[in-house]
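Ready for a few short exercises? Keep the model open while you work, and try each task before reading its solution.

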Amino acid sequence: MNGDDLTLQRAKLSICSTPIGNLSDVSQRLLDTLRSADVVLCEDTRHTRKLLTHFDIHPLRLVSYHQHNEKARQGWIGELFASAKHIALVSDAGTPMVSDPGALIVETAIQLGVDIVPVPGPSALLAGLVGSGLPVTPFVYLGFPPRQQKERQAWIEPFAKVPATLVIYEAPHRLTSTLAFLLDTLGDRAAVLARELTKRYETFLRSTLSALLRDVEANSPRGEYVVMVDNRPSADDLEEDADMSMTSAMEHVMSALGSGVRHKEAVAEAAQRFGVNRRELYNMTLKRRDP
Ligand code: SAM
């Protein structure tokens, strides 16, 4: 089978977001899609059947993609598309692929030339972010932190200096250790905990990492959480960075002078390289040169 197969080109994969705790969040389009699909592909049939039954939807085939392992799945997905014109992909809650399975199905469907149609809807990620009050642009979605300390370090490392809102999912019993880790790694930044979104006890705690940590230490966390951190550099961070750049630029100039480079030239090169003010660098290195 390949992307030129005409039968497959007419097949369609709808990627459907489902409620994350409030059934009123279903859209008319979601219900129409689930009703018209030949197959509803889900994580757990018992879980998804509850949702479907609530809306009086009785699909011809409700199939779990968990019953096939990763390797076997690719061939199985091909066979599925050969036998069904319209497949609706759902996860247990929210948007498939957002810390949920589904990526392999979409990838395979694209390879097969199947039409991909997102049916947008609930996701804790965007609900938490827009309610947080933190900047939405740019944001970085990091999903669940790894459990091991060493892996956590490698996971956060590339984003530790990224000036964006970081969005993280975490289970309640790991929330305390994750907040402690974030505080340790990123410093005491503004942060928000979004709890039980779209549900009866939806809460936003807008504070700092240290205060949120104290809060969860005092009140055992329960329910579902999105953690958001304002990772934009503070005024102190910027000042520290500027100091470090000036120190490096000065060292560069002094070493160039030692090698016989003319003062003006050494300053011009270092100012450009370290992004510091040329006149200031000249004056500071002049002082050090001629005390
Ligand atoms: N695919 C889902 C989505 O689009 O948000 C996420 C699935 S992931 C397995 C489950 C995690 O999402 C939870 O541990 C929690 O961090 C977050 N989450 C899901 N529902 C939530 C809710 N109602 N309130 C807060 N966080 C939620």
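**Exercise 1: the interface of domain 1 and domain 2**

About 520 Å² is buried between domain 1 and domain 2, with carbon and sulfur atoms giving 57% of it; buried area here is the accessible area (1.4 Å probe) that two parts lose on being put together, summed over both. The model is predicted: local features need pLDDT of at least 70 and side-chain atom pairs count only at pLDDT 80 or more, while totals for chains, interfaces and linings use all residues. Residues are numbered from 1 along each chain as its sequence is written, and side-chain values use heavy atoms, with hydrogens and water left out.

Task: describe which residues of domain 1 lose the most area to domain 2.

Solution, step by step:

1. Start with the bounds, which come from an automatic or database domain assignment: domain 1 (3–121), domain 2 (125–230) and domain 3 (235–289).
2. Next, count the contact (heavy atoms within 4.5 Å): six residues come from domain 1 and nine residues from domain 2.
3. Now rank by area lost: Ile-20, Val-98 and Ser-99 lead in domain 1, together making up 75% of what that side buries.

**Exercise 2: salt bridges**

Task: how many salt bridges are there between domain 1 and domain 2?

Solution, step by step:

1. Apply the rule: a side-chain nitrogen of Lys or Arg within 4 Å of a carboxyl oxygen of Asp or Glu.
2. Between domain 1 and domain 2, the count is zero.

**Exercise 3: overall form**

Task: is the chain spread out or a compact globule?

Solution, step by step:

1. Count the DSSP runs, with helices (H or I, at least four residues) and strands (E, at least two) numbered from the N terminus: the chain has 12 helices and 10 strands.
2. Compare the radius of gyration, taken over C-alpha atoms, with the globule rule, 2.2 Å times the number of residues to the power 0.38. The chain's 27 Å is well over the 19 Å given for 291 residues, so the chain is more spread out than a compact globule.
3. Add the extents: the C-alpha trace spans about 85 × 55 × 35 Å along its principal axes.

**Exercise 4: a backbone detail**

Task: where does Pro-138 lie?

Solution: Pro-138 is in the loop between α6 (124–132) and β6 (139–143), and the peptide bond from Thr-137 to Pro-138 is cis, with omega near -5 degrees.
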